[in-house]
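Here is a friendly conversation to read beside the model. Have a look at the structure first, and then follow the questions.

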Amino acid sequence: MGHKFRSLCLGETRRLLWLTGIMLAVIITFQYIELPYDNVLSSLFSAGKVPVAQKSSSAAESPSSNSGNVGNVTLYDGFNSTSTYPVHEMANDTRTSEVVVTDPNDELASRGNDEDWDTDMESSTEKSEELNKNSTVDIVREANNEPTSEKGREKEKNFTQEGDGMRGSLDGSALSPPVLPPIDLSPNTTLPVTNIESPVISVDFNTSSVEKDTNPTFDKTEKSGQLQSNFSTLDENSSVDRVPKKKKGPKRPTPDVYSIADMNQMLLQSHASYRSIRPRWPSAVDQELLSVRSQIESAPILKNDHELYAPLYRNVSMFKRSYELMENTLKVYVYKDGRKPVFHLPVLKGIYASEGWFMKLLESNKKFVTKDWRKAHLFYLPFSSRMLEETLYVENSHNRKNLIAYLKNYLDTIATKYHFWNRTEGADHFLVACHDWAPSETKRYMANCIRALCNSDVKEGFVFGKDISLPETYVRAPQSTLRGLGGKQPSKRSILAFYAGNMHGYLRPILLQHWGDNKDPAMKIFGQMPKVKGNKNYIQHMKSSKYCICPKGFEVNSPRVVEAIFYECVPVIISDNFVPPFFDVLNWESFSIFVAEKDIPNLKNILLSIPEKRFREMQMRVKKVQQHFLWHARPVKYDIFHMILHSVWFNRVFLAMT
């Protein structure tokens, strides 16, 4: 009897253990499926859940972290410090992760709103929530909330004799970017121009108390036409948001002001420090560029060249050889895609005419332009930054994200339709843009491109060895670009220094405060001069002055630099961190004066300290360098068209990789 009872108990015990095991397995399975925790058992058998690292498909790492896991992407601080460094947004094919780290030192450039655009920094939690809703990663947000000294300037559209032209205004408010309709990039269609009454782009002003950006989406229904889908996925054929990797090294403090000597040193180091994108597949063009580089570096020394005056150049022998090789070798492919007026509609008048004249002359050029992409050393993006603003900027919206999105849309189209962009991720592409907003509009998605910019500010992301300082030329008469060329002989220039213009920016009022109102008869410093036909009063003052003062306005660049050369007046550049035009070729200190902004009170003494002999030498050199700053309806050797093209060519040669 006892034996039977023990057998019965043993059987019941076994069944109970089986039932317990099955229930435990079901619970563990249920918990594993339902709860996103790594340690399941700890959540079951502890009084409270043990906090563990959450794995989120779209979580962004806190900006204060040096390194960490973000979804399935690991972010490292390459400098091993607690600072944040720029890593542009990336996406994988399954839309499972995003890395967003922005540069707190980046400032978006615009005249009239130096730093107060796009400062709507979100917290990491807010970004994660927004990404979970939209799954988009292509619109980069700015991390820096920096105070500004000049906010709320309104846009001016009157071109004055001083050449300051239209200036944009932004008040720093953060608005949601508009959602653009699908864009037809056919070159035979025309994009309507926006005005205050009937803007083309609609903006949703229904923003919450905590501003969150809504990323624009586009449809990419065909490879060569309209764009679909959002910007959340960049496949292998679209790499427009990548930038070259920077060399690792210790972080150095950023100076507030870069002197001309500092910029000379940065230029010398540029080709060693900057790394272009290695081509994804080889091309005969790459080997050709390497051969050209070798020939430039071993250029024979020139003596007493009848075309080029050696003191004007950093290395006249290398420049001469490079120019000759450009004439014999260079081929440029010009994209036909893009709608007018943003694309293929050059503006030939006003202070932004440089980009328009270059576009006009290159697109009609038969010597350098090729239709065979296999022969092309460079690919030109033929858009006008002036017309981009004129066409798409919504008046008083204080938001340029739709302009940036429009260019991104265009790049996605050409990256899908062609494979030219994808081979080097845009490193063999170039743009020519003179509007003040161009640096901020192109610094993300066109960061790999060679950018020729009028607003060439070291503090605004200008890259020596890759980017080019574009001359800002004020063209008053497109039919006669050389009208009024030249000035009086040095002995007949009775005015020591001259300036006249609007009081844009913080610097010009300081200049006027110290030297205006006829405080000194030798210093003719005015505000806006009374208008006369043909601006003769203004022009005659420049023709009669020894030194023409070229102070910065809202931005570092000014058309007066080229105007001074045009009228054979020695330029006096007062603009900290401004990279002067063709800096890679010309020795600017041989024919111009650089005065630090802080030295304005001592301006007259600085000019009087220059011996008369030295002044006459510089003025003679201004006349000789003048040929590089003149527009011709039909380009001539060494003119401004060829100089812009040469600077692009020169940088491309020394950035070429195999």
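The turns below go through confidence, cores, disulfides and strands.

Reader: What is the mean pLDDT of the protein?
Author: Good place to start, as this is a predicted model, where local features need pLDDT of at least 70, side-chain atom pairs count only at pLDDT 80 or more, and totals for chains, interfaces and linings use all residues. Residues are numbered from 1 along each chain as its sequence is written, and side-chain values use heavy atoms, with hydrogens and water left out. The pLDDT, the predictor's confidence in each residue from 0 to 100, reaches 70 or more in 64% of the residues. The mean for the protein is 75.

Reader: How many contacts does the model have for residues 34–182 beyond four places in sequence?
Author: Please take that stretch with care: its pLDDT stays under 50. Residues 194–239 are also below 50, with 126 contacts beyond near neighbours in sequence. A contact means heavy atoms within 4.5 Å. For residues 34–182 the number is 385.

Reader: Which helix gives the largest share of the largest nonpolar core?
Author: A nonpolar core is a set of buried Ala, Val, Leu, Ile, Met, Phe, Trp, Tyr and Cys residues joined through side-chain atoms within 4.5 Å; buried means under 20% relative accessible area, exposed over 50%, partly exposed in between (1.4 Å probe, protein chains only). The largest core has 94 residues, and Phe358, Phe430, Tyr547, Ile549 and Leu603 touch the most other members. Helices (H or I, at least four residues) and strands (E, at least two) are DSSP runs, numbered from the N terminus. The largest share, 10 residues, comes from residues 640–655, helix H17.

Reader: How far apart in sequence are the parts that Cys434 and Cys454 tie together?
Author: These two cysteines form a disulfide (a pair of cysteine sulfur atoms within 2.5 Å), with S to S at 2.0 Å. The link is left-handed, with -90° about the S-S bond. Cys434 sits in the loop between strand E7 and helix H11, and Cys454 in the loop between strands E8 and E9, so the parts tied together are separated in sequence by 20 residues.

Reader: What is the handedness of the link of Cys548 and Cys569?
Author: Their sulfurs are 2.2 Å apart. Cys548 belongs to strand E12, while Cys569 is in the loop between helix H14 and strand E13. Cys548 is buried at 1% relative accessible area, and Cys569 is buried at 0%. With 115° about the S-S bond, the link is right-handed.

Reader: Why does Cys550 have no bond to the closest cysteine sulfur?
Author: Cys550 is buried, with a relative accessible area of 2%. The closest cysteine sulfur is in Cys548, and the separation is too far for a bond, at 6.6 Å.

Reader: Which residue is the bridge partner of Ala497 in E12?
Author: Ala497 brings us to E10, because E10 covers residues 495–499, and five of the five are buried. Two strands pair if DSSP finds at least two bridges between them, and E10 and E12 pair in the parallel sense over three bridges. In E12, the partner of Ala497 is Tyr547.

Reader: What is the handedness of the β-α-β crossover from E10 to E11?
Author: E10 and E11 run parallel, joined by three bridges, and the partner of Ala497 in E11 is Met523. The chain passes through helix H12 (residues 507–515) between the two strands. A crossover is called right-handed if, with the strands pointing away from the viewer, the path from the first strand over the helix to the second runs clockwise. This one is right-handed.
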